Structure formats: structure tokens, C-alpha cells
Amino acid sequence: MKAILPVAVAVLSFCSALSAHAVPTPLQQAGFAKMDQAGGTLGKDVGFNGATTNDYTWLPGETLNWDYSYDGTMLSFTWAGVTVEQTIAISDPVVGFTGYVRNTFKDNLPSDLSLTVDIDPVGGTDLAPITANLGDGFINFSINEMVGSTWSVSGTAQANWTGPLATSPNSRFAFQIDALIDPDPIDVSEPATVALLGLGLVGLGVAARRRR
């Protein structure tokens with residue numbers, strides 16, 4: 001039993017250090033673009049929570065450019081040439097992005113209704129284009145990539161449909177992207193990790209010698 005103690009201590013120390021690391025959380029200031037129905041009227045918005053505009057046109061088959069960026073002071077989301085900005089202080093580093101492509105239009109729809117979003121490579125991560133077809137609902141995505149305190153992620157989007165769109169409420173095309181922040185991304189440093197693993201190996205060696 002005593003022979004196992006050094007190993008148990010090392011393993012518990014290592015697991016404790018890992019569990020102390022904070023889980024990345026969304027910034028809660030996602031850039032989004034949507035086209036939806038409200039009371040039978042087609043509406044469209046682009047922006048952030050509390051800062052939106054409807055000054056753009058979403059046409060079937062047209063490829064739109066988008067960009068979600070932060071320069072240290074200004075958070076910006078651009079969709080189809082329309083930019084919404086918001087002054088915000090982000091003190092924690094960004095370690096990735098999360099979001100979704102949504103297609104929940106209802107009733108009287110053609111079968112070719114789709115929304116495709118392409119996200120350009122972020123660091124070493126390159127996602128395949130994400131397509132939400134009719135009935136797919138939400139298609140979530142996540143990018144884990146240390147991008148630091150400022151960033152710019154961009155891509156393209158294209159919606160396709162023929163004929164009139166739905167007149168039912170809660171019908172929506174939407175794209176949303178949000179930054180993932182981590183208040184302590186290097187809580188378990190590489191030297192500390194190596195030291196803990198080394199302690200575990202030492203413990204295994206001690207245990208093996210005691211069994212002889």
C-alpha cells in the first residue's frame with residue numbers, strides 16, 4: 001500500500017492542477033446576421049447584442065463577405081459591406097471561436113433552401129464550409145486556436161432559395177460567431193506539467209524497487 005502512495009500523490013496533484021484551469025467561455029458579444037419572419041414580414045438584422053442594423057440586402061445565390069474582429073478597443077462585425085461596431089474592453093485572451101449556422105424556415109418552402117458559411121483559416125485551423133439545409137436547424141461549430149488579445153476572422157456566406165419564403169413566425173436563416181475567452185490560458189504551465197509527470201515517474205520507480 002505504501003508503495004502505491006507516491007504514484008497516487010503524483011496523479012492526484014496532476015489532476016488537481018488540470019482541474020484548476022478555467023474552462024473557456026463565450027464573450028457574449030457575438031457577431032450575427034439573420035433573416036427571419038415576424039408577423040409575416042421578412043426582417044433582417046446584422047450586428048451584436050444591443051447594436052444592430054437592417055441596412056443590407058440578402059439575395060439568393062449572392063456570395064457575401066463577413067468579418068469579425070477586435071483591435072483592442074473596437075469590436076466589429078461586417079456583413080455584406082455593412083459594419084456594426086461596439087467599444088468594449090476585453091482583458092482576457094481569446095482562445096478560439098464558437099457559433100452556428102441556422103436554417104429553421106417553416107411552411108411553403110422550396111426544397112433548395114440553404115445557407116452556407118465558409119470560415120477562412122484561423123491560425124492552423126481550417127473548417128470546411130458549413131451548410132444548413134432546410135430542416136437542419138442549428139449546426140454548431142467550434143475553433144480552438146490561441147489568437148491572443150486582438151483578432152480578425154473572416155469568410156463568405158451564401159443563401160439559396162427559389163420562390164417566396166415562409167410567412168410563419170420563428171422562421172430564420174442565421175449565422176453567429178462569438179469569441180471564446182480564457183482568463184488563465186496558461187494556468188498549468190509546461191514546466192509545471194513536466195514536473196508533475198516527472199514526479200509520477202519517480203513514484204513508479206520507487207514503487208517498483210520496493211516490490212523487489
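**Exercise 1. Describe the overall make-up of the protein.**

Step 1. Buried residues make up 41% of the 212 residues in this predicted model.

Step 2. The secondary structure consists of two helices and 13 strands.

Step 3. The accessible surface comes to about 11000 Å², and carbon and sulfur atoms hold 55% of it.

Step 4. Among the contacts with a separation of 6 or more, 72% are between residues 24 or more positions apart.

**Exercise 2. Determine the strand order of the six-stranded open sheet and identify its edges.**

Step 1. Strands of a sheet pair through backbone hydrogen bonds, either parallel or antiparallel.

Step 2. In this sheet the order is S7-S6-S5-S12-S9-S10, and the pairing is antiparallel.

Step 3. The edge strands are S7 (82-87) and S10, since each of them pairs on one side only.

Step 4. On average, neighbouring strands of the sheet are turned by 15° against each other, direction ignored.

**Exercise 3. Examine how strand S9 is joined to strands S10 and S12.**

Step 1. Strand S9 covers residues 114-119, and strand S10 covers residues 130-133. Their pairing is antiparallel and extends over four bridges.

Step 2. Strand S12 spans residues 151-160 and runs antiparallel to S9, to which six bridges join it.

Step 3. Which residues stand opposite serine 114? In S10 the residue is asparagine 133; in S12 it is asparagine 160.

Step 4. What is the bridge partner of isoleucine 119 in S12? The partner is glycine 155.

**Exercise 4. Analyse the aromatic pairs that involve tryptophan 151 and tyrosines 68 and 70.**

Step 1. The structure holds 11 aromatic pairs. One of them is formed by tyrosine 68 and tryptophan 151, with 5.7 Å from centre to centre and 55° between the planes. This pair is tilted.

Step 2. Tyrosine 68 belongs to strand S5 (residues 63-70) and tryptophan 151 to strand S12, so the pair ties together parts that are 83 residues apart in sequence.

Step 3. Are the two residues buried or exposed? Tyrosine 68 has a relative accessible area of 0% and is buried. Tryptophan 151 counts as buried because its relative accessibility is 7%, which is under the cut-off of 20%.

Step 4. Tryptophan 151 also forms a tilted pair with tyrosine 70, at 5.4 Å centre to centre and 35° between the planes. Here tyrosine 70 in strand S5 and tryptophan 151 in strand S12 are 81 residues apart, and the pair links distant parts of the chain. Tyrosine 70 is buried, at a relative accessible area of 4%.

Step 5. These residues belong to one aromatic cluster, formed by Trp66, Tyr68, Tyr70, Phe77, Trp79, Phe97, Phe141, Trp151 and Phe175.

**Exercise 5. Describe the surroundings of asparagine 103 and threonine 104.**

Step 1. Where does each residue lie? Asparagine 103 lies in strand S8, whereas threonine 104 is placed in the loop between strand S8 (94-103) and S9.

Step 2. Asparagine 103 counts as buried because its relative accessibility is 1%, under the cut-off of 20%. The same cut-off applies to threonine 104, which counts as buried at 17%.

Step 3. The side chain of asparagine 103 reaches the backbone oxygen of alanine 132 at 3.0 Å. The side chain of threonine 104 makes a polar contact with the side chain of arginine 102, at 3.1 Å.

Step 4. With neighbours within four places in sequence left aside, the contacts of asparagine 103 include Ser114, Ala132, Asn133, Gly137 and Arg172. On the same terms, threonine 104 is in contact with Gly137, Asn170, Ser171 and Arg172.

**Exercise 6. Locate tyrosine 56 and list its contacts.**

Step 1. Tyrosine 56 is found in the loop between strand S4 (51-53) and S5.

Step 2. At 6% relative accessibility, tyrosine 56 counts as buried.

Step 3. How far apart are the C-alpha atoms of tyrosine 56 and tryptophan 79? The separation is 8.2 Å, although the residues are 23 residues apart along the chain.

Step 4. Apart from neighbours within four places in sequence, tyrosine 56 is in contact with Lys34, Lys44, Asp45, Val46, Trp79, Ala80 and Val82.

Notes:
Residues are numbered from 1 along each chain as its sequence is written. This is a predicted model: local features need pLDDT of at least 70, side-chain atom pairs count only at pLDDT 80 or more; totals for chains, interfaces and linings use all residues. Side-chain values use heavy atoms; hydrogens and water are left out. Two strands pair if DSSP finds at least two bridges between them. Buried means under 20% relative accessible area, exposed over 50%, partly exposed in between (1.4 Å probe, protein chains only). A polar contact is a pair of N or O atoms within 3.5 Å; within protein, one must be able to donate a hydrogen and the other to accept it, and residues adjacent in sequence count only if both atoms are side-chain atoms. Contact means heavy atoms within 4.5 Å. Rings of Phe, Tyr and Trp (its six-membered ring) pair if their centres lie within 6.5 Å; planes under 30 degrees apart count as stacked, over 60 as edge-to-face and the rest as tilted. Accessible areas come from the Shrake-Rupley method with a 1.4 Å probe; for residues, only the protein chains shown count as cover. Axes are lines fitted to C-alpha atoms, for helices over the stretch in contact, and angles run from 0 to 180 degrees between N-to-C directions.
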